[in-house]
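Let's work through this one with some questions and answers. Have a look at the sequence and the fold first.

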Amino acid sequence: MVEESTWLIEARNLTRVYGGDGAEIRALDGVSMKVAPGELVSVMGPSGSGKSTLLNLIGALDQPTDGEVFVRGQNLAHLANVDSFRAHTVGFIFQLHNLLPTLTARENVEVPMVGYRISRDRRRRAEEILSLVSLADRMDHLPNQLSGGQRQRVAVARALANNPPLVLADEPTGNLDTTAGRDLMRLLKSLNESQGTTFVVVTHDPAVARRTNRVLVMADGKIVREDLIGSPLEEDLKMWRHSELGEILLSGDDNLQERLELSPDQMTVLRRLLESADGGD
Ligand code: ADP
Ligand code: MG
C-alpha cells in the first residue's frame, strides 16, 4: 500500500456532472490518476473531453460531483483555507495569459504575493523570478508592450511567485506560434528540473506533449490511455529509426558507411543506438 502523501496529486474516481434534469453533461466520468512530486505530465484529448474540468478540480477551482482529489495528501473537499491552498500550493497558467493590462510585468508577478509578503520582499521575489524566465530587461513593461511569448513567460513567473510545488497549465501554448510554444515548453522543462516544480500541462499539441515525461490521453470524460515519453534523444532516435536513412543504416549497407565517411566503429555505435531506440511503436 502506497501512502497518500507519496503522491503530489491523487484523484479517485472523479466525476463532474454539469446541468441536470435530463440535460446532464458528464464532463468527467470516473477519472483516477496519480502524479508523483517532480513529474512533468501532459493531458491530451479532443476539445470537450474534460481536460479543463480535471485541471480545475485538481486546482480547487471547482468541486467534483463524486470522487475525491488529494493534493499533498490533503483532501480538497476538506481544505481549511482554500485561498491559502490556491496561493501556496498551486499556480495556474491559462491559454490567455490573464495579465492585468494596467500593471507592469513586475507588478503582475507581485499580485499573488499580496497579503503574504511585505512590499519589499514582493518586489525582490518578482525580480528574481522574472530573471529566471529571462525577462530581467522587461520588468517595467506593460503586457501590451510584450510579445505573446513574453506575456506567457510573465504568466509563468506569476504562477511560480509563491513557489508552489504544483503548477497547472491549461493550453499554455495555445495562442503562441510554433517557436514561442517550443520556447515555453523548454522553460517549463527547465523549471521542472531546476526548481523541482511539478507541472500538469493540458494541450492539443502532440509536439508539446512530447516534451513532457508522461501523457494522459482523455476522451469522453475518461482517461483512455497513458504513454511514457523517453528522453528527447530517444524520441528522436525512434523517429529516425523509421526514416529511410535509419532503415538503410540498420540494413547494414556498407557502401553507405563509405558515403557517410564513418569508421566501422562509428557505424556500429549508430546501429546500436537505432536498435536500442526501438520503443516498439
Ligand atoms: P476540454 O477542456 O477537454 O475541452 P472541458 O473540461 O472544458 O473540456 O469540458 C468538458 C465538457 O463539459 C464539455 O462537454 C463542456 O461543454 C462541458 N462543460 C464544461 N464546463 C461547463 C459548464 N460550466 N457548464 C456546463 N457544461 C460545461
Ligand atoms: Mg479546455
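**Strand 7 and its surroundings**

Strand 7, helix 6 (residues 178-195) and strand 8 form a right-handed β-α-β unit. By the way, this is a predicted model, where local features need pLDDT of at least 70, side-chain atom pairs count only at pLDDT 80 or more, and totals for chains, interfaces and linings use all residues. Residues are numbered from 1 along each chain as its sequence is written, with chains lettered from A and ligands numbered from 1 in the order in which they are written.

Q: What makes a β-α-β unit right-handed?
A: Point the strands away from you: a crossover is right-handed if the path from the first strand over the helix to the second runs clockwise. The unit of strand 7, helix 6 and strand 8 is right-handed, so its path runs clockwise in that view.

Q: What makes a stretch of the chain count as a helix or a strand?
A: Both are DSSP runs, numbered from the N terminus: H or I over at least four residues for a helix, E over at least two for a strand. The chain has eleven helices and ten strands.

Q: How do you know that strand 7 and strand 8 pair?
A: Pairing takes at least two bridges found by DSSP. Five bridges join strand 7 (residues 166-170) to strand 8 (residues 198-202), so the two pair. They run parallel, and Ala169 stands opposite Val201 in strand 8.

Q: What about strand 6 and strand 7: how many bridges join them?
A: Four, and these strands run parallel. Val90 stands opposite Leu166 in strand 7.

Q: Why are strand 6 and strand 10 called edge strands?
A: The open sheet has six strands in the order 6-7-8-3-9-10, with mixed pairing. Strand 6 (90-93) and strand 10 (222-228) each pair on one side only.

Q: Why is strand 7 called mostly covered?
A: A residue is buried if 20 or more other C-beta atoms, placed from the backbone, lie within 10 Å of its own (exposed: 12 or fewer; partly exposed: in between). Five of the five residues in strand 7 are buried. Leu166, Leu168 and Asp170 are on one side, with Val167 and Ala169 on the other. In a regular strand, side chains alternate between the two faces of the sheet.

Q: Which residues does Val200 touch?
A: Contact means C-beta atoms, placed from the backbone, within 7 Å. Leaving out residues up to four places away in sequence, Val200 touches Val35, Val41, Val43, Leu55, Ile58 and Leu168.

How values were computed. Contact = placed C-beta atoms within 7 Å.
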